[in-house]
Every structure is written in structure tokens, then in C-alpha cells.
Amino acid sequence: MALTMLLNTVLISYAQQTQLPVYIPAVNVSINALSANGMPLTKYAIVGLQCAGYNVSNLGPINVVIPIPSTGSITCKAYAYSFGVYSSRTVVLTTSESGETVSVTLVVPVSGYYVPGIGFVPVGTLIAIAVAIIMVVILIVIGLIEYARWRRERLARLIRPPE
């Protein structure tokens, strides 16, 4: 009797573990951020996606799987933020795109250059560095002129006796 009860319990638990596959329509959304001159902002942009009930953000490009309703569509907002500049775009995902990858490229209006060893440097930062270098050079020149004047006065005092 105890053996049959144990056998029935095992059979019931085995029957409960049978799983049926369920298909949920979903779209893979890939978002990349580019600078104004076409450079990828892989490590320099916060990229995100806001949909109904979903909010995903990451540093650099992202790939997100978004479930969509079986009828109709879902509206999402893709955004990118880099160096104080924001860019966004509205993306509409429909059931006809189910199972596909939708690529979104956002152009963040920040221009700059890639400096090897440093990375992406915006033009504003390059201008600030150039101005700082010019100011340092001017201060060095002023210091050298003052030093030359001080040396001349000191040598003049040594050559001419005090009165």
C-alpha cells in the first residue's frame, strides 16, 4: 500500500513537470551611438531604450529583446547621452518584426577626434587644451623676460658702484 502511494506521488510529480513551449513575439533591438563625424561612441555614450514597462540603459551599444503584443505595436524611445549632449529617436515595434533584429543608430551632435592612447576627445576639449597651452607659453615667456631684466639690473649694479 505504501509502495503504491509512493509510486503514485512520483507519477503525479512527473506529470506536473511536463512543459509546453510558449511562443512570445519579441524583437531584438540593437542601439549604437555615433558622433557627428561618424565615430562610434562605444565607451563614451550612455545608450538606453524606454518602452512600456521596460527601461534599459548601458554604457556603449546595447542589444535588448523586447516582447511585443500579439496584435498592434509598441512604441519605444531610444536615446543616447554623451559629453552633455542628448539625442533620441522614437521606434515603433510591430508584430511583423517579430523574431528580427531592429538596428537603431543615434547620431549625438558632438564632434571630436580619436587620439590614440587617450580615446575620443571632443572639439571643445581640444580647444580648451590649446588655450591652456598658449597661456602657459605666454606665462613662460613673461617669466623669461622678467628674469632677463632682473639679471641685467643685477649685473649693472655689480659693474657700476653704488653712489
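## Exercises: finding your way around a β-rich fold

The protein has two helices and nine strands. Keep in mind as you work that this is a predicted model.

**Exercise 1. Which pattern does the protein follow when read along the sequence?**

Step 1. Begin with the pieces to be placed: two helices and nine strands.

Step 2. Now read along the sequence and write down each element as it comes. The pattern is α-β-β-β-β-β-β-β-β-β-α.

**Exercise 2. What is the strand order in the open sheet of four strands, and which way does the pairing run?**

Step 1. Trace the sheet from one side to the other: the order is 3-2-5-6, and the pairing is antiparallel.

Step 2. Look for strands that pair on one side only. These edge strands are strand 3 (54–59) and strand 6.

Step 3. Check the twist, which averages 15 degrees from one strand to the next.

Step 4. Zoom in on one pair. Strands 5 and 6 run antiparallel and are joined by 10 bridges. For a residue-level example, find alanine 80: its bridge partner is serine 87 in strand 6.

**Exercise 3. What is the order of the open sheet formed by three strands?**

Step 1. Trace this sheet in the same way: its order is 4-1-7, with mixed pairing.

Step 2. Pick out the edges. Strand 4 and strand 7 each pair on one side only.

Step 3. Note the twist here, an average of 25 degrees from one strand to the next.

Step 4. Find a parallel pair: strand 1 and strand 7 are joined by seven bridges. Here asparagine 28 stands opposite threonine 101, a residue of strand 7.

**Exercise 4. Which residues of the largest nonpolar core touch the most other members?**

Step 1. Start with the core as a whole, which has 26 residues.

Step 2. Pick out the best-connected ones: Val29, Ile31, Leu49, Leu93 and Val104 touch the most other members.

Step 3. Ask which elements build the core. Those giving two or more residues include strand 1 (26–34), strand 2 (46–51) and strand 5 (73–82). Strand 4 (62–67), strand 6 (85–94) and strand 7 (101–107) do so too.

Step 4. Follow one member outward. Leaving aside residues up to four places away in sequence, leucine 93 touches Val27, Val29, Ile66, Ile68, Ser73, Ile74, Cys76 and Val102.

**Exercise 5. How many of the protein's residues, in percent, are buried?**

Step 1. Use the cut-off: a residue counts as buried under 20% relative accessible area.

Step 2. Apply it to the 163 residues of the protein: 24% are buried.

Step 3. Turn to the surface. The protein exposes about 11600 Å², and carbon and sulfur atoms supply 65% of that area.

Technical notes. Residues are numbered from 1 along each chain as its sequence is written. This is a predicted model: local features need pLDDT of at least 70, side-chain atom pairs count only at pLDDT 80 or more; totals for chains, interfaces and linings use all residues. Side-chain values use heavy atoms; hydrogens and water are left out. A nonpolar core is a set of buried Ala, Val, Leu, Ile, Met, Phe, Trp, Tyr and Cys residues joined through side-chain atoms within 4.5 Å. Buried means under 20% relative accessible area, exposed over 50%, partly exposed in between (1.4 Å probe, protein chains only). Contact means heavy atoms within 4.5 Å. Accessible areas come from the Shrake-Rupley method with a 1.4 Å probe; for residues, only the protein chains shown count as cover. Two strands pair if DSSP finds at least two bridges between them. Axes are lines fitted to C-alpha atoms, for helices over the stretch in contact, and angles run from 0 to 180 degrees between N-to-C directions.
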